[in-house]
Amino acid sequence: MGTRLLFPAGHRAPRAPAPPRPRTAFVLSGGGNQGVSQVGMLRALLERGIVPDVVIGTSAGALNGAAVAYAPNLTGVAQLAAVWEQLQADHVFPGGRIHRAWNVVRRGTHLFDNDGLAALIHHSTPARSFSDLEIPLRVIATDLDTGEEVVLAHGPLKPALLASTALPGVFPIVVHAGRRLVDGGVVNNVPLWHALSGPVDRVFVLNVSAGVGDHPVRSPLDVVMTSFMHARNQRYELERRHAIGHVEIIELPRPRDSRDLFDFSGAGELIESAYTLSMAKLDEYERERVEAPETAVADAAVVREQRRRFRLRRGA
């Protein structure tokens, strides 16, 4: 006799359902030219199959976030890398030192026009509206008149990104949605709490602006930017300290970057360095997940109460 089949031919045993994929947020900080390191971080995440359910970005992080939200794959990251590797100071800050000095003398509201930023946005993503993006994107800006943090998530994409990158005094104020807007980093350079306020299980933080001590102070603008970074980083540390317990926060390491604000050299090396550091961090993260003992799922009412208290702390 032949071997008996446990099931009739063509009938398959039911498979156990796959565990649900963790709801994931990417949070991308501001950081000007340091934003190039986020490209290597994004490459490492996507190579591991870690795709976000929402992307939240400030300033340069908003530019990179828009690119990955449009094309959340390695091809999209490769295109973004090509943009950063070809970028030069004159593309973003046209006119050089004489032009900057003249703008200071004439007492204008900004040192540079944002035509270079507009071109950078155009090359970074073909999306023209938030509705063109495959993954939801939240862009952080600041209302210059009220100091209020503004979250842009609908409508045309270009003015939102121009507003989020409008470093005060350096680029023009952007009038959008009935407000006068400037760089989101003024109030929230690492927009962590927006991720924590949503239904997420883990947050990958791509913070490239933490290294205040990396930069030599050679000019008045360096003094302003260094002081600015101190204030911005304090908020992020406070939010991490009061984060909801059941949400994983994984901060990817960044390479040391001592270039000044106007230096866009060495992009390829910084991307590779950030990629290598991030891969090592993700190796460590995955080992910890495998080795960690199984824990019970938190009671839904407890989770809701944690979220409610967090929103109250943040004034939402």
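Begin at Ala177 in this predicted model, which you will find by selecting the loop between β5 (174–176) and β6 (179–183). The backbone deserves a look here, since phi of Ala177 is near 55 degrees, a positive value in a residue other than glycine. Most residues other than glycine have a negative phi. With a relative accessible area of 62%, Ala177 is exposed, because the cut-off for that class is over 50%.

Select Ser59 next, in the loop between β2 (54–58) and α2. Ser59 is not a glycine either, and its phi is positive, at about 55 degrees. Is Ser59 buried or exposed? Its relative accessibility is 8%, so Ser59 counts as buried, the limit being under 20%.

From Ser59, move to Ser164, a residue of helix α7 (residues 157–164), and display what surrounds it. Once neighbours within four places in sequence are set aside, the contacts of Ser164 are Gly57, Thr58, Ser59, Ala62, Val139, Ile140, Ala141, Asp183 and Gly184, so that the Ser59 of the previous stop appears again in this list. Ser164 is buried, and its relative accessible area is 0%.

Now colour α1 (37–47) and helix α2 (residues 60–70), and turn the view until both axes can be followed. The two helices pack at an angle of about 35 degrees, and their axes are 11 Å apart; the crossing is right-handed. Show side chains for Gln38, Val39, Leu42 and Leu46 in α1, which meet Ala60, Gly61, Asn64 and Val68 in α2. Sorted by class, this contact of α1 with α2 holds five nonpolar and three polar residues, with no charged ones.

Staying with the surroundings of α2, select Thr125, which is found in the loop between α6 (115–124) and β3 (137–143). Thr125 counts as buried, at 3% relative accessibility. Beyond its neighbours within four places in sequence, Thr125 is in contact with Ala66, Ala67, Tyr70 and Leu157. If you draw a distance from the C-alpha of Thr125 to that of Gly65, the separation is 9.9 Å, although the two residues are 60 residues apart along the chain.

The last stop is helix α10 (residues 267–291), a run of 25 residues that reaches 36 Å from its first C-alpha to its last, close to the 36 Å expected at 1.5 Å a residue. Which residues of α10 are buried? They are Ala267, Leu270, Ile271, Ala274, Tyr275, Ser278, Met279, Leu282 and Tyr285, and what covers them includes α1 (37–47), α3 (74–86), β7 (202–206) and β8 (248–251).

Of these covering elements, take α1 and view it together with α10: the axes of α1 and α10 come within 7 Å and cross at roughly 40 degrees, and the two helices are therefore oblique to each other. The crossing of α1 and α10 is right-handed. On the α1 side, the contact is made by Ser37, Val39, Gly40, Met41, Arg43, Ala44, Leu45 and Glu47, while α10 brings Leu270, Ile271, Glu272, Ala274, Tyr275, Ser278, Met279 and Leu282. Colouring this contact of α1 with α10 by class gives 10 nonpolar, three polar and three charged residues. Val39 of α1 is worth keeping selected at the end, as Val39 takes part in the contact with α10 and is also among the α1 residues that meet α2.

Technical notes
Residues are numbered from 1 along each chain as its sequence is written. This is a predicted model: local features need pLDDT of at least 70, side-chain atom pairs count only at pLDDT 80 or more; totals for chains, interfaces and linings use all residues. Side-chain values use heavy atoms; hydrogens and water are left out. Helices (H or I, at least four residues) and strands (E, at least two) are DSSP runs, numbered from the N terminus. The expected span of a helix is 1.5 Å times one less than its number of residues. Buried means under 20% relative accessible area, exposed over 50%, partly exposed in between (1.4 Å probe, protein chains only). Contact means heavy atoms within 4.5 Å. Axes are lines fitted to C-alpha atoms, for helices over the stretch in contact, and angles run from 0 to 180 degrees between N-to-C directions. Angles under 35 degrees count as roughly parallel, over 145 as roughly antiparallel, 65 to 115 as roughly perpendicular and the rest as oblique. A crossing is left-handed if the near helix is turned anticlockwise from the far one by less than a right angle, and right-handed if clockwise. Ala, Val, Leu, Ile, Met, Phe, Trp, Tyr, Cys and Pro count as nonpolar, Asp, Glu, Lys and Arg as charged, and the others, Gly among them, as polar.
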